[in-house]
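Here are some short exercises on reading a protein model. Try each task before you read its solution.

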Amino acid sequence: MSCAEALHAYGLRAIGIGERLLPRSEITLCEQIVLIGSGMIWNLYFAGLALLLGFGFAVILALGKASASPFAALPAQGFVYFFRGTPLFIQFFFAYESFVLLPKVGVTLDLGFVVMNAETGWLTRAWLGALIVLFLNTSAYTAEIFHGALRAVPRGELEAADSVGMTGFRKFRRIVFPTMLRLAWPSYTNEAIFLFHATALVFFSSFPAWRQQGDALYYAAYFAEATFNPFVAYPIVAGYFVAGTVLLILAFGLVGARLNRHLPREARAKFRFRPQFIR
């Protein structure tokens with residue numbers, strides 16, 4: 001099969017478009033590159049939605065943690081402590097087992113057209129269950145970053161806002177939130193990179209791929225087993241993740257430059273890539 005044929009047949013297979021059967025004999029390099037690239041759609045899906053949803057929830061958690069009210073601070077602190085204090089891999093297993101047990105204890109979710117159960121429950125599918133775990137995990141880590149940035153907002157800026165009569169939400173929107181975001185952005189960029197890398201753990205978690213529509217590592221493991229040569233498929237996965245990381249750094253760098261556009265160049269926060277080997 002030529003590269004063009006492989007792209008046409010398997011380019012979108014990970015989302016159910018194209019050939020239904022995986023190649024079984026005479027597997028070519030093009031087929032491996034295309035299918036693993038197709039699986040990266042799911043890795044981008046997990047990372048993109050988890051970051052998007054987690055950003056908003058993290059802001060709420062950071063404000064709650066910084067609140068003077070214990071009714072807001074204690075739940076936020078407990079949530080952050082739990083998800084930062086336990087390994088992400090354990091969170092995947094704990095969440096899956098919990099989702100499976102829900103129907104057994106009489107908890108069902110009626111979506112109008114489907115009732116979840118242990119066999120067909122959407123929460124036990126990787127596209128939803130694993131996404132929930134990644135969303136909660138990145139929310140906790142991002143909330144800690146934002147909370148630190150909130151505490152680092154210069155007091156002079158707050159006093160200046162008070163002097164011109166800014167109070168409440170207007171003060172938060174015009175002064176506190178932009179400054180917090182500017183201070184937190186380099187660290188948040190590292191969190192986004194780690195989350196993108198952490199999507200590879202979905203393959204090793206208990207959440208199954210639906211109809212063989214798995215992520216990049218799902219197809220890499222298949223090719224490694226089918227060809228008895230892991231030194232082709234796994235480097236391809238690594239190459240995709242390296243390319244994705246570079247694009248992520250560039251995109252977040254543009255946003256960071258926009259946030260710091262009013263500052264002198266020497267005063268702008270510098271991004272430093274600091275990979276986290278232990279979560």
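**Exercise 1. The whole chain**

What percentage of the residues in the chain is buried? Then list the helices and strands.

Solution. The model is predicted. Start with burial. A residue is buried when its relative accessible area is under 20%. The chain has 279 residues, and buried residues make up 42% of them. Next, count the elements. There are 9 helices and 0 strands. Read from the N terminus, the order is α-α-α-α-α-α-α-α-α. Last, look at contacts with a separation of 6 or more. Residues 24 or more positions apart account for 74% of them.

**Exercise 2. The disulfide**

Find the cysteines that form a disulfide and classify the burial of each one.

Solution. Step one is the general idea. A disulfide is a covalent bond between the sulfur atoms of two cysteines. Step two is the search. The whole structure holds 1 disulfide. Step three is the pair. C3 and C30 are the partners, with sulfur atoms 1.7 Å apart. C3 belongs to helix α1 (residues 3-10) and C30 to helix α2 (residues 29-66). The two cysteines are 27 residues apart, so the link joins distant parts of the chain. Step four is burial. C3 has 43% relative accessibility, so C3 is partly exposed. C30 has 19%, so C30 is buried.

**Exercise 3. Two helices that cross**

Describe how helix α5 meets helix α7, and which kinds of residue make the contact.

Solution. Take the geometry to begin with. Helix α5 covers residues 126-151 and helix α7 covers residues 168-198. Their axes come within 8 Å and cross at roughly 145°. The crossing is right-handed. Now take the residues. Helix α5 contributes residues including L134, Y141, I145 and F146. Helix α7 contributes residues including M180, L183, Y188 and L195. Sort the contact residues by kind. The result is 14 nonpolar, 3 polar and 1 charged.

**Exercise 4. The nonpolar core**

Which residues of the largest nonpolar core touch the most other members?

Solution. Recall the general trend. In soluble globular proteins, nonpolar side chains tend to be buried together. Here the largest nonpolar core has 68 residues. Those touching the most other members are I36, F46, F92, L134, F146 and F207. Now ask which elements supply the core. Among those giving two or more residues are α1, α3 (70-85), α4 (88-104) and α9 (230-259). Helix α2 gives the most, with 14 residues. Zoom in on L134. Leaving out residues up to four places away in sequence, L134 touches F46, A50, L88, F92, L195, A198, T199 and V202.

**Exercise 5. Positive phi values**

Locate E26 and F228, and decide whether each is buried or exposed.

Solution. First, the background. Most residues other than glycine have a negative phi. E26 has a positive phi, near 50°. E26 sits in the loop between α1 and α2. Its relative accessible area is 76%, so E26 is exposed. F228 also has a positive phi, near 60°. F228 sits in the loop between α8 and α9. F228 has 75% relative accessibility, so F228 is exposed.

**Exercise 6. One alanine**

Which residues does A221 touch, not counting residues up to four places away in sequence?

Solution. Place the residue: A221 lies in helix α8. Check burial: the relative accessible area is 16%, so A221 is buried. Name the contacts: A221 touches F203 and Y234. Finally, compare positions. A221 and A233 are 12 residues apart along the chain, and their C-alpha atoms are separated by 7.6 Å.

Key. Residues numbered from 1 in each chain as written. Predicted model: local features only at pLDDT ≥ 70, side-chain atom pairs only at ≥ 80, totals over all residues. Heavy atoms only, no water. Axes fitted to C-alpha atoms, helices over the stretch in contact; angles between N-to-C directions. Helix = DSSP H or I, 4+ residues; strand = E, 2+ residues; numbered from the N terminus. Left-handed = near helix turned anticlockwise from the far one by under 90°. Contact = heavy atoms within 4.5 Å. Nonpolar A, V, L, I, M, F, W, Y, C, P; charged D, E, K, R; others polar. Disulfide = S-S within 2.5 Å. Buried < 20%, exposed > 50% of the residue type's maximum accessible area, 1.4 Å probe, protein only. Core = buried A, V, L, I, M, F, W, Y, C linked by side-chain atoms within 4.5 Å.
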